Amino acid sequence: MTDRATELREAGRDIISLSVGEPDFATPPHVVQAAKDALDQGLTRYTPVTGMARLKQAAALHFRRDLGIEADPANIVVTAGGKQALFEVLCASVGEGDEVIVPAPWWVSYPQMVRFAGGRVVPLITHARDNFRFDAADLAALITPKTQWLLLNSPGNPTGATYPAEMLQGIGKLLRDHPRVMVLSDDIYAPLNYTGARHATLANVCPDLADQICTISGVSKSHAMTGFRIGVATGPAWLIEAMGRLQSNSSGNPASISQAAAIAAFEGPQEFLAEWREVFRARRDLVVGRINAIPGLSTPVPEGAFYCFIDASPLMERFGGDDTRLALHLLEHGVAVVAASAFGGRNGFRISFAAEETVLEEAMHRIAAALA
Ligand SMILES: Cc1ncc(COP(=O)(O)O)c(C=O)c1O
């Protein structure tokens with residue numbers, strides 16, 4: 001949809017894109033400066049494959065300060081974005097026919113990565129009425145002797161589902177009975193939690209389960225650094241080592257300049273994150289209010305990330321039950337969104353509210369007009 005929106009825009013159409021998954025803020029100046037300094041200082045060579053020592057220390061600081069996880073720098077791998085970390089975890093550990101439980105609606109890449117690794121995707125269907133969260137009982141029903149991973153993304157893309165500590169405790173309790181089941185905790189949206197509570201993550205809530213958890217984080221979403229391509233992962237030593245071997249023989253080290261920028265991101269000022277969060281929260285409130293006032297559309301209030309997952313079931317007959325047609329219809333009316341079916345959902349679409357309020361206002365106006 002992003003590509004089609006670009007095409008239409010190039011053809012002179014005025015299109016508002018709410019389909020992309022990145023903050024609209026500029027990368028903080030101290031981060032940009034660190035990248036420039038790295039170039040000026042000739043930091044243009046190979047680095048250690050799994051990241052520079054200083055960056056691993058900075059990442060350990062991030063895991064401790066922001067996620068409450070004690071990570072030994074030796075057990076950290078720095079990757080080209082959170083995406084590479086997730087891919088490496090699955091490729092390094094999933095065998096033919098192993099089952100990976102993926103809560104749906106899911107981030108588009110999860111099932112593709114599982115399948116690429118030879119695994120079988122086991123969808124864990126979640127519902128708007130539960131704010132798209134599952135609980136321990138839902139999970140228990142899907143665990144089999146073949147279950148290898150549970151993917152847990154909080155705050156989540158595309159629904160904004162955010163798990164409080166109590167729910168994670170319940171999930172942790174179940175996992176103690178299934179020591180072979182591992183959890184891939186994708187915390188890439190951690191700072192964007194609007195509940196007012198501290199971000200909760202399984203490795204912090206259940207530190208005794210450390211050997212069963214791999215936590216992924218990064219700077220892409222938190223620090224508006226999607227183009228730099230830096231992610232970080234920490235988990236059991238065997239897994240981190242296997243990821244390192246995979247990385248060594250595929251991409252090699254993440255870009256040296258980006259690593260220098262990520263050090264500045266983790267070690268530098270963090271106060272702006274709270275300001276950005278407040279901006280996002282105001283945008284969320286605006287969008288949720290407008291969407292729920294449009295006949296036929298509804299969305300729960302997302303507690304994190306910067307997406308709304310919108311149900312359009314009452315309108316689907318008009319689009320032959322095909323939400324891609326609905327998304328294309330909205331695009332023709334000047335707003336690019338992504339159909340729910342792209343995320344393993346149905347009868348709706350996802351919007352990103354990472355855009356200025358005036359832009360969001362206009363987009364909501366267009367959506368209302370398109371569906372009137
Ligand atoms: C849930 C989730 N995990 C991971 C990523 C990957 O982030 P990165 O850009 O750091 O690879 C994204 C990006 O859209 C995402 O939405």
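A polar contact here is a pair of N or O atoms within 3.5 Å. In this predicted model, Tyr 189 makes one with the ligand: an N or O atom of the Tyr 189 side chain sits 2.7 Å from a ligand oxygen. Ser 220 does likewise, with a polar side-chain atom 2.6 Å from an oxygen atom of the ligand. For Asn 157, the distance from a polar side-chain atom to a ligand oxygen comes out at 2.8 Å. Taken on its own, the ligand has 390 Å² of accessible area, and the protein covers 93% of that.

As for where the ligand ends up, it sits in the largest pocket. The shell around it counts 14 residues, with Asp 186, Tyr 189, Ser 220, Lys 221 and Arg 229 the closest. Helix α4, spanning residues 81-93, gives the most to this shell, putting in four residues.

Turning to the strands, β7 (residues 213-218) is mostly covered, with six of its six residues buried. That goes for both faces: Ile 213, Thr 215 and Ser 217 are buried on one side, and Cys 214, Ile 216 and Gly 218 are buried on the other.

Strand β7 also has a partner in β6 (residues 182-186), with the two running parallel and sharing four bridges. Within that pairing, Ile 213 of β7 stands opposite Val 183. With β8 (residues 231-234), β7 pairs in the antiparallel sense, again through four bridges. Here Thr 215, one of the buried residues of β7, has Thr 234 of β8 as its bridge partner.

Conventions: Residues are numbered from 1 along each chain as its sequence is written. This is a predicted model: local features need pLDDT of at least 70, side-chain atom pairs count only at pLDDT 80 or more; totals for chains, interfaces and linings use all residues. Side-chain values use heavy atoms; hydrogens and water are left out. Buried means under 20% relative accessible area, exposed over 50%, partly exposed in between (1.4 Å probe, protein chains only). Two strands pair if DSSP finds at least two bridges between them. A residue is near a molecule or strand if one of its heavy atoms lies within 4 Å of it. A polar contact is a pair of N or O atoms within 3.5 Å; within protein, one must be able to donate a hydrogen and the other to accept it, and residues adjacent in sequence count only if both atoms are side-chain atoms. Accessible areas come from the Shrake-Rupley method with a 1.4 Å probe; for residues, only the protein chains shown count as cover. On a 1 Å grid over the protein atoms alone, a cavity is a set of points where a 1.4 Å probe fits but cannot get out, and a pocket is an open set with protein on both sides within 12 Å along at least five of seven lines; lining residues have an atom within 4 Å of a point. A molecule sits in a cavity or pocket if more than half of its atoms lie within 2 Å of its grid points.
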